[in-house]
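This briefing takes up the strand arrangement in one chain and then the contact between two chains. Please keep the sequence and the structure in view while reading.

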Amino acid sequence: MSRRPSWRRAALWLVLLTAPGAWVNAAEAPTVAAAAPTVPGSAPAAAAAATAVDANGQLEDRALQARFEDITKQLRCLVCQNESIADSNAELAGDLRRQVTEMLVAGKSDDAIFHYMTDRYGEFVRFNPPLEPKTLLIWGAPFFMLLLGAFIVFRIARQRSRMPLDDEPSTESR
Amino acid sequence: MWKFLLPFAAFVALAVLFAFGLNPSRDIHALPSPLIGKPAPEFALTDLLDPEHSVSNKALDGQVYVLNVWATWCVPCREEHEALLAISQQHVVPIIGLNWKDQRERAQQWLQQLGNPYQSVAFDGDGRVAIDWGVYGAPETYLVDGHGRVIYKFISPMTQQVWDSEFMPRIEAARRGGA
């Protein structure tokens, strides 16, 4: 009786082990479109700026502070590339946080802030790139891996169902 | 057939991936600049050496120039300084300095002690202009053509070799381009 080629079993395990993890990662990331409420424009920026930040460095407007935390978590610190600018102590991260604060106080939308950053630092600055033709590969890869895994499982299952059981009399000559 | 083709295809795919991914001469921290081909962000800052005067890249319109981002706290900037001095002696293009998040006095001392390769140095104490240029580490060196477009960005200490192989051909092409 032929044994299943070991490479195929290895490939199956590889796909089964990696695909769900990658997919969960992609799914866990909040979609940007949902997290980007547009802000009614023309906030009284000058008046707000004077009282915007309290003694703890938090924006006094709770809604703005929440958006600040959300945005800075999604922007990559370019100095220490696996930290967000919310977490990083790098000088540049501080400058970028200041920039985000100022833009929020000036009444800019989340989209406008992300655009400002990608115009200067490229898509790499976003931990959560938007779904576009050029990002299709990174968003689609986990699903592709899942399909590939399902296909391999299907192939193996079908092959196995064709195999004679050991206690069954076989017509095949050994 | 599949039995042999599939693992072989997987091997080739991995080999190509690793050839790019594990190439030791690739700087994993060097990011492509989205600024390439776009108009250079304008700035007007105070002159490092003379705070009464301002330095603006508007004055360089129509010229090919180099913008070098540096600071006294930046160790590799010290490393590239001699190369910059030598390059400035060749008088090919104006080299403008952007002194990034530095202390004015220390930066002035640095230039006095080590020599000044710059035609002028803009003092960007709070780092706002640097954000506009997408600076994320020093030293960085930008090349701007006669139409005011950024055509090249080099991240790492400048050397004469890099200047000759990466900058000179682009400068010559930019000048031939009628700029």
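Strand β3 (residues 65-70) of chain B runs parallel to strand β4 (residues 95-100) of chain B, and the two are paired over five bridges. The model is a predicted one, and the points below place this pair within its sheet before turning to the side of chain A that touches chain B.

**The sheet in chain B**

- Within the pairing of β3 and β4, B:Val69 is the residue that stands opposite B:Leu98 in β4(B).
- Both strands belong to an open sheet of seven strands with mixed pairing, whose order in chain B is β2-β1-β5-β4-β3-β6-β7.
- The sheet ends at β2 (54-56) and β7 (150-155) of chain B, the edge strands, each of which pairs on one side only.
- On average, and with direction ignored, neighbouring strands of this sheet are turned by 30° against each other.
- Helix α5 (residues 160-176) of chain B packs on the sheet, where it touches β6 (140-144) and β7 of chain B, and the direction of this helix makes about 175° with that of β7(B).

**The contact between chains A and B**

- Chain A has 16 residues in contact with 13 residues of chain B.
- On the side of chain A that touches chain B, α4 (91-105) and α5 (110-121) of chain A each supply at least two residues, and α4(A) gives the most, with five residues.
- Sorted by class, that side of chain A consists of eight nonpolar, four polar and four charged residues.

Notes:
Residues are numbered from 1 along each chain as its sequence is written. Chains are lettered from A and ligands numbered from 1 in the order in which they are written. This is a predicted model: local features need pLDDT of at least 70, side-chain atom pairs count only at pLDDT 80 or more; totals for chains, interfaces and linings use all residues. Two strands pair if DSSP finds at least two bridges between them. Helices (H or I, at least four residues) and strands (E, at least two) are DSSP runs, numbered from the N terminus. Axes are lines fitted to C-alpha atoms, for helices over the stretch in contact, and angles run from 0 to 180 degrees between N-to-C directions. Two residues are in contact if their C-beta atoms, placed from the backbone, lie within 7 Å. Ala, Val, Leu, Ile, Met, Phe, Trp, Tyr, Cys and Pro count as nonpolar, Asp, Glu, Lys and Arg as charged, and the others, Gly among them, as polar.
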